[in-house]
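Welcome to this guided tour. Keep your viewer open, with the selection tool ready, and follow along one stop at a time.

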Amino acid sequence: MRPNGCFGCGQDNPYGLQIESHWEGDEVVCQWTPKEYMIGPPNYLYGGISASLIDCHSVNTALSYAHKKVGNDDKYDRSIQMVTGSMNLRYIKPVPMREVELRATVEKVEGRKYFIKTELQSDGITCVRGDVVAIQLKAAQ
Ligand SMILES: CCCCCCCCCCCC(=O)SCCNC(=O)CCNC(=O)[C@H](O)C(C)(C)COP(=O)(O)OP(=O)(O)OC[C@H]1O[C@@H](n2cnc3c(N)ncnc32)[C@H](O)[C@@H]1OP(=O)(O)O
């Protein structure tokens, strides 16, 4: 998806998180390592960064799923656009300042609403769990 200035996934945003998400079976997965200035509590990741990671990874999961639904697996179609409608997070454990893994699944689709469940894990332990509703924009349909 270029050009892409998105703070979460934009490869063209040097100040962003630059996450890269890919399918692994029925899950969308991303490995990502924080910069040291993204710290919140001593030794742990700032919660807003976890939220941004889950937000972007989830919306991209919905976006990619919407592409798959119309049989398009490899080319980005700019007429399909998604935004975050709502996001509910549960911070279960603090997130250590090292590589994390995001794992997302599409729970269901209702009209333009995509219900995504995403876990942020550290060393295989779930630290943050997110329920995200991504909404496909009307004009794009
Ligand atoms: C290079 C490329 C890079 C691509 C990069 C891609 C990655 C992007 C990742 C970043 C994501 C973001 O930060 S996005 C930015 C943050 N989000 C936003 O700014 C969204 C602002 N809100 C809006 O624009 C609007 O409210 C929308 C689009 C969400 C909804 O407006 P609408 O399209 O008119 O929809 P509307 O008819 O009202 O509702 C449609 C259905 O959705 C439900 N619905 C409406 N709003 C919500 C909501 N907030 N939460 C849950 N559900 C909702 C309604 O009940 C309805 O359900 P029913 O009656 O049909 O059952």
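Which residue in β6 is the bridge partner of Ile 116? Select Ile 116 and look across to β6: the partner is Val 132. Keep in mind as you click that this is a predicted model.

**Stop 1: How confident is the prediction?**

Try colouring the chain by pLDDT. The protein chain has an average of 95, and 98% of its residues score at least 70. For the complex, the predictor reports an ipTM of 0.88 and a pTM of 0.94. As a general habit, where pLDDT is low, do not read the predicted coordinates in detail.

**Stop 2: The sheet**

Now switch to a cartoon view and pick out the strands. Six of them make an open sheet, and its order is β1-β2-β4-β5-β6-β3, with antiparallel pairing. Look at the two ends of that order: β1 (22-24) and β3 are the edge strands, and each has a single partner, so one side of each has no neighbour in the sheet. Neighbouring strands here are turned against each other by 30° on average, ignoring direction.

Let us walk across part of the sheet, pair by pair.

- Select β1 and β2: three bridges join them in the antiparallel sense. His 22 is opposite Val 29 in β2.
- Go on to β2 (residues 27-32) and β4 (residues 100-110), an antiparallel pair with five bridges. Here Val 28 has Ala 104 in β4 as its bridge partner.
- Next come β4 and β5 (residues 113-122), which run antiparallel and are joined by nine bridges. Two places to click are Lys 108, which faces Phe 115 in β5, and Val 106, which faces Ile 116 in β5.
- Finally, show β5 with β6: this antiparallel pair has 10 bridges. You are back at the Ile 116 and Val 132 pair from the opening question.

**Stop 3: Two hairpins**

Zoom in on the turn between β4 and β5. This hairpin has two residues between its strands, and Gly 111 there has a positive phi near 60°. Then move along to the turn between β5 and β6. That hairpin also has two residues between the strands, and Asp 123 in the turn has a positive phi of about 50°.

**Stop 4: Out on the edge**

Return to β1 and select Glu 24, which is found in this strand. Is Glu 24 buried or exposed? Glu 24 counts as exposed because it has 10 C-beta neighbours inside 10 Å, and a residue with 12 or fewer falls in that class.

Now draw a distance line from the C-alpha atom of Glu 24 to that of Pro 3. These residues are 21 apart along the chain, and the line spans 25 Å. Pro 3 sits in the segment before β1. While you are there, look at the peptide bond between Arg 2 and Pro 3: this bond is cis, with an omega of about -5°.

**Stop 5: Two unusual backbone angles**

Stay in the segment before β1 and select Gln 18. Gln 18 is not a glycine, yet its phi is positive, at about 55°. How is Gln 18 classed by its surroundings? It is partly exposed, because it has 16 C-beta neighbours inside 10 Å.

Then jump to the loop between β2 and α1, where you will find Asn 43. Asn 43 also has a positive phi, about 75°, although it is not a glycine. Asn 43 is exposed, since 10 other C-beta atoms lie within 10 Å.

**Stop 6: A region from the record**

Select residues 44-123. An unreviewed UniProt entry places the feature "domain: Thioesterase" here. Over this stretch the chain is 29% helix and 39% strand, and the C-alpha atoms at its two ends are 14 Å apart.

**Stop 7: Around the ligand**

For the last stop, select the ligand and show the residues around it. There are 22 in this shell, and the closest are Asn 4, Val 59, Val 83, Gly 85 and Ser 86. The elements giving two or more residues to the shell are α1 (47-69), β3 (82-91) and β6 (125-136). Which element gives the most? That is α1, with five residues. Now colour the shell by class: you should see 10 nonpolar, seven polar and five charged residues.

Methods:
Residues numbered from 1 in each chain as written. Predicted model: local features only at pLDDT ≥ 70, side-chain atom pairs only at ≥ 80, totals over all residues. Near = placed C-beta within 6 Å. Helix = DSSP H or I, 4+ residues; strand = E, 2+ residues; numbered from the N terminus. Nonpolar A, V, L, I, M, F, W, Y, C, P; charged D, E, K, R; others polar. UniProt positions renumbered as here; feature names shortened; annotations may be inferred. Pairing = 2+ DSSP bridges. Axes fitted to C-alpha atoms, helices over the stretch in contact; angles between N-to-C directions. Buried ≥ 20, exposed ≤ 12 C-beta atoms within 10 Å, placed from the backbone. pLDDT = per-residue confidence, 0-100.
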